[in-house]
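Welcome! Let's take a friendly walk through the charged pairs, the nonpolar core and the cysteines of the model shown here.

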Amino acid sequence: MQLIRKFFYGDIPDGASGAEQQTSVTKKTDWPLWEVFIRSKQGLDHKHVGSLHAADAQMAIENARDVYTRRMEGVSIWVVESSQIVASNPQEAGELYEPATDKVYRHPTFYDLPDEVKHM
Amino acid sequence: MPTYDLEKLFQERIDQEIKIEPKDWMPDAYRKTNLRQISQHAHSEIVGMLPEGNWISRAPSLKRKAILLAKVQDEAGHGLYLYSAAETLGQSREQMINDLHSGKAKYSSIFNYPTLTWADIGAIGWLVDGAAIMNQVMLTRTSYGPYARAMVRICKEESFHQRQGFETLLVLSKGTPAQRAMCQDAINRWWWPALMMFGPRDSESSNSDLSMKWKIKRKSNDELRQQFVDMIAEQVKLLGMQLPDPALKWNAARNHYDFGDINWEEFWQVVKGNGPCNKERLEARKKAWEEGQWVREAAAAYAAKNKTRNKAA
């Protein structure tokens, strides 16, 4: 990998640093990105906390320990390669969630009951 | 849907305090501004490890050494949270690091000042982290979701940094005359650079207007700076020390402290690369990156080999 050595901080304007060309050269060595999920204590769900780069799953877990649980924030760690995650498209949210929007009767508050009814 | 509608919808979401998430549509300038700000913030955390790292091997006791190690490790963690947040905007980690090394990307100028004595470690925790916290607490409410979440995480950890800094100075302030002098000297040297951390005056700051409109920032540089001065001017009394500003005075009419003029010429010089340690800091980062190259390659090769092995089995 070739790094530009002759320039120092602040010497060069935005467009002329040459940094653009470096991407394609170095991209190959970038470790894959992993998403990290942590169970903060027994009985709770694993929750997404962030992401990190690691060469493999083992390293991802060890790095996740160092980055996301320095203060005992977790009792269990999941890591998933980010490229494996399939996500819904926010631009299609309208259509995607449409089936739920007109079914107010699914909510308990839809039903008007006399105040005398207890425990319901 | 035509583009002008998207922009209007975007602004409506911002105005309704709905966070923007990575896959949401956003104006290019919003993406660029966030990318610049978050990556600069990440670089600052990483470069910020250097001045403090200088004192890990020289800490006055095992306790102080362990604390400083933990703090510097936190800064590395903060850098990583922020790099991850910036990556969600579509730039690779390596690109960001290359931009830092080539000088294209900036980091907080405060880290271009040297740590000459042990008291500097206290002053950094109290003043530098203190100033950073003002900014970061505001940023926990920033409009870009991943940035806001990284900030919440960081703010939780940052409080330890500031407290240990103040306590370090408190111990020195109760020590021998030499220790007291060292404490005062560190405050003298870090005070003005800490005030500069909030950036240029509002009238000169080029990024503020849009940043406010898009709720990336919620307070102006001058507002945050004033808040910081008011806080520190009170805290310094508990140390029995002075801030090096003869113009510092409570102004009952404004309900704020007045303070003297900042040397903006110095600020711009350091931003432009002429601070006491600019060159040294970047050299250290590049050296670490280059000397770690074989480790990154070896780990990648090992992972690739294991993958093919597992497939064969």
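In this predicted model, Arg64(B) and Glu167(B) join their side chains in a salt bridge, with 3.0 Å from N to O. This pair ties together distant parts of the chain: Arg64(B) belongs to helix α4 (residues 62–87) of chain B, while Glu167(B) sits in helix α7 (residues 145–173) of chain B, 103 residues apart. Are the two partners buried or exposed, or something in between? Arg64(B) counts as buried because its relative accessibility is 10%, under the 20% cut-off. Glu167(B), at a relative accessible area of 33%, is partly exposed.

General chemistry gives some background here: side chains of opposite charge can pair when their charged atoms come close.

Helix α4 of chain B also holds a salt bridge of its own, between Lys71(B) and Glu75(B). These two residues are four apart in the helix, so about one helical turn separates them. Both Lys71(B) and Glu75(B) are buried. A similar spacing turns up in helix α12 (residues 278–291) of chain B, where Glu291(B) and Lys287(B) are four residues apart, about one turn of the helix. Here are the three pairs side by side.

| Salt bridge | N to O distance |
|---|---|
| Arg64(B) and Glu167(B) | 3.0 Å |
| Lys71(B) and Glu75(B) | 3.2 Å |
| Glu291(B) and Lys287(B) | 3.8 Å |

How many salt bridges are there over all chains? The count comes to 23. Some of them form a network, which links Arg70(A) and Arg71(A) with Asp74(B) and Glu157(B).

Now for the nonpolar side of the picture. The largest nonpolar core has 92 residues, and the members that touch the most others are Tyr30(B), Trp126(B), Trp190(B), Trp191(B) and Phe228(B). Which helix gives the most to this core? Helix α6 (residues 118–139) of chain B does, with twelve residues.

Trp190(B) is a good residue to look at in detail. Setting aside neighbours within four places in sequence, Trp190(B) is in contact with several residues, among them Ile110(B), Tyr113(B), Pro114(B) and Thr115(B). Its contacts also include Asp120(B), Ala123(B), Ile124(B), Leu127(B) and Val128(B).

Finally, a word on cysteines. A disulfide is a covalent bond between the sulfur atoms of two cysteines. Searching the whole structure turns up zero disulfides over all chains. Cys183(B) is buried, at 0% relative accessibility, and Cys277(B) is buried too, with a relative accessible area of 5%.

Definitions and conventions
Residues are numbered from 1 along each chain as its sequence is written. Chains are lettered from A and ligands numbered from 1 in the order in which they are written. This is a predicted model: local features need pLDDT of at least 70, side-chain atom pairs count only at pLDDT 80 or more; totals for chains, interfaces and linings use all residues. Side-chain values use heavy atoms; hydrogens and water are left out. A salt bridge is a side-chain nitrogen of Lys or Arg within 4 Å of a carboxyl oxygen of Asp or Glu. Buried means under 20% relative accessible area, exposed over 50%, partly exposed in between (1.4 Å probe, protein chains only). A nonpolar core is a set of buried Ala, Val, Leu, Ile, Met, Phe, Trp, Tyr and Cys residues joined through side-chain atoms within 4.5 Å. Contact means heavy atoms within 4.5 Å. A disulfide is a pair of cysteine sulfur atoms within 2.5 Å.
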